[in-house]
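The exercises below are to be worked with the sequence and the structure side by side. Each task is followed by a solution in steps.

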Amino acid sequence: RQQRTRLKRQQTQAAMAAQTDSLRKFAILASKAKMHAKAEELWQRLVDANNEDGAARYNLANAQSALGKLDAALTHYDAAIRETDDAALAKACRANASCACIKAQEPDRALQYCQEMDSPTALYNLNTALRQLGRQDEAIRITWAKILGDAPPKLRDYIQSRGRDRSITVVCVKWGAKYDATYVNKLARSCRRHLQGMGRLVCFTDDDAGLDDIVEARSLPTTTMKAWWL
């Protein structure tokens with residue numbers, strides 16, 4: 001009798017697992033087809049069957065976000081973040097939650113999901129939220145701090161050195177008869193006018209006739225060179 005009971009239990013569990021797998025497949029198809037209302041229904045059934053299913057909560061939240069149900073979506077994003085041990089899933093929840101808040105023009109709520117800056121999406125969303133709040137200077141400061149923090153030492157030293165040495169060299173190529181010296185001269189004047197820290201403009205060319213004095217003309221290399229600038 002115990003064996004029959006155990007066998008029946010196993011059969012019931014197998015049937016439930018098959019039903020869950022089938023339901024999940026339909027839910028995935030609905031999400032991919034952007035049938036958000038149907039996806040919400042199916043993912044909700046999966047969450048009801050197992051409220052510790054972080055992936056189901058994440059996808060349910062995505063469907064609710066697409067339907068404009070921000071509060072409901074955030075509830076499930078938060079639950080998925082709390083319950084999952086999957087760092088990638090938690091990161092995706094935070095990214096999508098912040099996107100949903102920004103889309104709904106609620107930047108204050110978005111900020112709580114992107115403070116960790118654990119992905120390019122999080123950093124982008126943090127910047128967007130701060131700009132929506134009119135805190136552009138803070139957005140710029142945080143972005144540069146993150147860039148410098150993640151940069152290799154040599155690149156970080158180079159970036160920081162630009163603050164001390166603001167001289168910038170612009171390089172262009174003029175070859176053949178398609179563009180004459182007028183274009184180079186206009187480029188040089190525009191750079192001088194609009195580019196802060198402009199130092200010099202170097203033009204590699206086969207004909208320096210007509211170039212202004214502010215343009216430093218240099219001959220094109222005599223070695224075989226592909227015309228990548230065409």
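**Exercise 1.** Describe how the three strands are arranged in the open sheet, and explain why the edge strands have a free side.

*Solution.* Three strands, in the order S1-S2-S3, form an open sheet with parallel pairing, where two strands pair if DSSP finds at least two bridges between them. Strand S1 (168-174) and strand S3 (215-219) stand at the edges and have a single partner strand each, so one side of each lacks a neighbour in the sheet. From one strand to the next, the twist averages 25 degrees. The model is a predicted one, in which local features need pLDDT of at least 70, side-chain atom pairs count only at pLDDT 80 or more, and totals for chains, interfaces and linings use all residues. Residues are numbered from 1 along each chain as its sequence is written, and side-chain values use heavy atoms, with hydrogens and water left out.

**Exercise 2.** Find how many bridges join strand S2 to S3, and name the bridge partner of Thr205.

*Solution.* Strand S2 (residues 198-205) runs parallel to S3 and is joined to it by five bridges. Thr205 has Ser219, in S3, as its bridge partner.

**Exercise 3.** Is Asn127 buried or exposed? Identify the side chain with which its own side chain makes a polar contact.

*Solution.* Asn127 is placed in helix H7 (residues 120-132). Asn127 has a relative accessible area of 11% and is therefore buried, a term that means under 20% relative accessible area (1.4 Å probe, protein chains only), whereas exposed means over 50% and partly exposed lies in between. Its side chain makes a polar contact with the side chain of Thr143 at 2.8 Å; such a contact is a pair of N or O atoms within 3.5 Å, and within protein one must be able to donate a hydrogen and the other to accept it, while residues adjacent in sequence count only if both atoms are side-chain atoms.

Note on methods
Helices (H or I, at least four residues) and strands (E, at least two) are DSSP runs, numbered from the N terminus. Axes are lines fitted to C-alpha atoms, for helices over the stretch in contact, and angles run from 0 to 180 degrees between N-to-C directions.
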